[in-house]
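Here's a quick briefing on the protein shown below. Have the structure open while you read, and flip back to it as you go through the bullets.

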Amino acid sequence: MYCLNPQRPLDPALLRPYLHPMAILPIIETPDPRLRVISKPVETFDAELKQLVADMFETMYDAPGIGLAAIQVGVPKRILVIDLQEPDPEDEEGKKVIRDPRVFINPVFSDESEEHSVYSEGCLSVPEQYADVTRPAEVTVDWQDEDGKHHQERMTGLMATCIQHEHDHLEGILFIDHLSRLKREMVLKKLAKLRKAA
Ligand SMILES: [Zn+2]
């Protein structure tokens with residue numbers, strides 16, 4: 001997912017990762033059919049998985065974005081990385097962000113709230129397009145970490161929105177699928193125009 005507020009885009013310079021032996025992977029974009037694939041559960045928690053997760057973080061920070069699903073780099077596995085990179089309240093200029101990298105493997109949702117929230121979402125696989133999407137405001141998530149250990153947490157706010165957006169990717173769903181047909185066609189038309197201009 002992109003930064004949700006297009007008026008306050010993330011500054012790539014601030015997001016430059018530290019030097020690690022990681023790779024920036026190519027992000028696939030709509031209408032690539034791989035984005036419609038249903039991702040498979042992770043069963044082996046090994047060094048290869050850790051490398052993929054590290055590469056996904058590197059790719060997400062470089063984009064820059066706040067969330068990335070493995071299928072967006074062409075790997076059909078149930079892996080999400082998220083770092084909301086929220087502004088540091090200590091920084092008066094409002095430029096510094098707090099790094100909080102989180103990985104969610106085999107995430108499962110339950111107990112979605114009846115209350116909904118609306119965010120202007122964007123997606124690294126639907127570049128530079130934003131639209132309001134309505135989702136449950138809160139959701140409980142069960143997931144595994146890179147070592148296969150189980151966790152559960154009630155997600156709220158931007159994290160709830162972001163993890164639902166990323167989880168959709170595991171089911172082959174894009175945020176534009178939540179829009180009316182008219183609105184979706186408008187977004188895709190704008191994207192086609194953008195690509196033509198590039
Ligand atoms: Zn996305």
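Of the 198 residues in this predicted model, 32% count as buried. A compact globule with 198 residues would have a radius of gyration near 16 Å, and the protein comes in at 16 Å, so the two agree. Along the principal axes, the C-alpha atoms fill a box of roughly 45 × 40 × 35 Å.

**Overall layout and confidence**

- You'll find four helices and nine strands here, and reading along the sequence gives the pattern α-α-β-β-β-β-β-β-β-β-β-α-α.
- If you take the contacts with a separation of 6 or more, 67% of them link residues 24 or more positions apart.
- The pLDDT averages 92, and 90% of the residues score at least 70.
- Residues 15-19 are a stretch to treat separately: pLDDT is below 50 there, and the model gives this stretch six contacts beyond near neighbours in sequence.

**The nonpolar core**

- The largest nonpolar core has 40 residues. Val53, Met56, Val81, Ile82, Phe104 and Ile163 are the ones with the most contacts inside it.
- Two or more residues each come from helix 2 (47-62), strand 1 (67-69), strand 2 (79-82), strand 5 (102-110), strand 6 (116-123), strand 7 (126-136), strand 8 (139-144) and helix 3 (157-170).
- Helix 2 puts in the largest share of this core, with seven residues.
- What does Val53 touch, once you leave aside its neighbours within four places in sequence? Val53 is in contact with Ile79, Val81, Val103 and Glu146.

**Two helices, two settings**

- Helix 3 is mostly covered, with eleven of its 14 residues buried.
- The buried set in helix 3 isn't just aliphatic side chains: Met159, Ala160, Thr161, Cys162, Ile163, Gln164, His165, Glu166, His167, His169 and Leu170 make up the list.
- At 1.5 Å a residue, helix 3 should span 20 Å; its end C-alpha atoms are 21 Å apart, which agrees.
- Just after helix 3 comes Gly172, which has a positive phi near 75 degrees.
- Is helix 4 (residues 181-197) tucked away or in the open? Of its 17 residues, the number buried is zero, so helix 4 lies largely in the open.
- Helix 4 also fits its expected length: the 17 residues should span 24 Å at 1.5 Å a residue, and the end C-alpha atoms are 24 Å apart.

**The strand 8 and strand 9 hairpin**

- Strand 8 and strand 9 (residues 150-155) run antiparallel and are joined by six bridges.
- One of the pairings to look for is Val139, whose bridge partner in strand 9 is Met155.
- Five residues sit between the two strands of this hairpin, and Gly148 takes a positive phi near 90 degrees.

**Pro89, out on a loop**

- Pro89 is in the loop between strand 3 (86-87) and strand 4 (97-98).
- Why does Pro89 count as exposed? Pro89 has 9 other C-beta atoms within 10 Å, and the cut-off for exposed is 12 or fewer.
- Pro89 and Ser113 are 24 residues apart along the chain, and their C-alpha atoms are separated by 28 Å.

Conventions: Residues are numbered from 1 along each chain as its sequence is written. This is a predicted model: local features need pLDDT of at least 70, side-chain atom pairs count only at pLDDT 80 or more; totals for chains, interfaces and linings use all residues. pLDDT is the predictor's confidence in each residue, from 0 to 100. Two residues are in contact if their C-beta atoms, placed from the backbone, lie within 7 Å. A nonpolar core is a set of buried Ala, Val, Leu, Ile, Met, Phe, Trp, Tyr and Cys residues joined through C-beta atoms within 7 Å. A residue is buried if 20 or more other C-beta atoms lie within 10 Å of its own, exposed if 12 or fewer, and partly exposed in between; C-beta atoms are placed from the backbone. The expected span of a helix is 1.5 Å times one less than its number of residues. Two strands pair if DSSP finds at least two bridges between them. The radius of gyration is taken over C-alpha atoms; the globule rule is 2.2 Å times the number of residues to the power 0.38.
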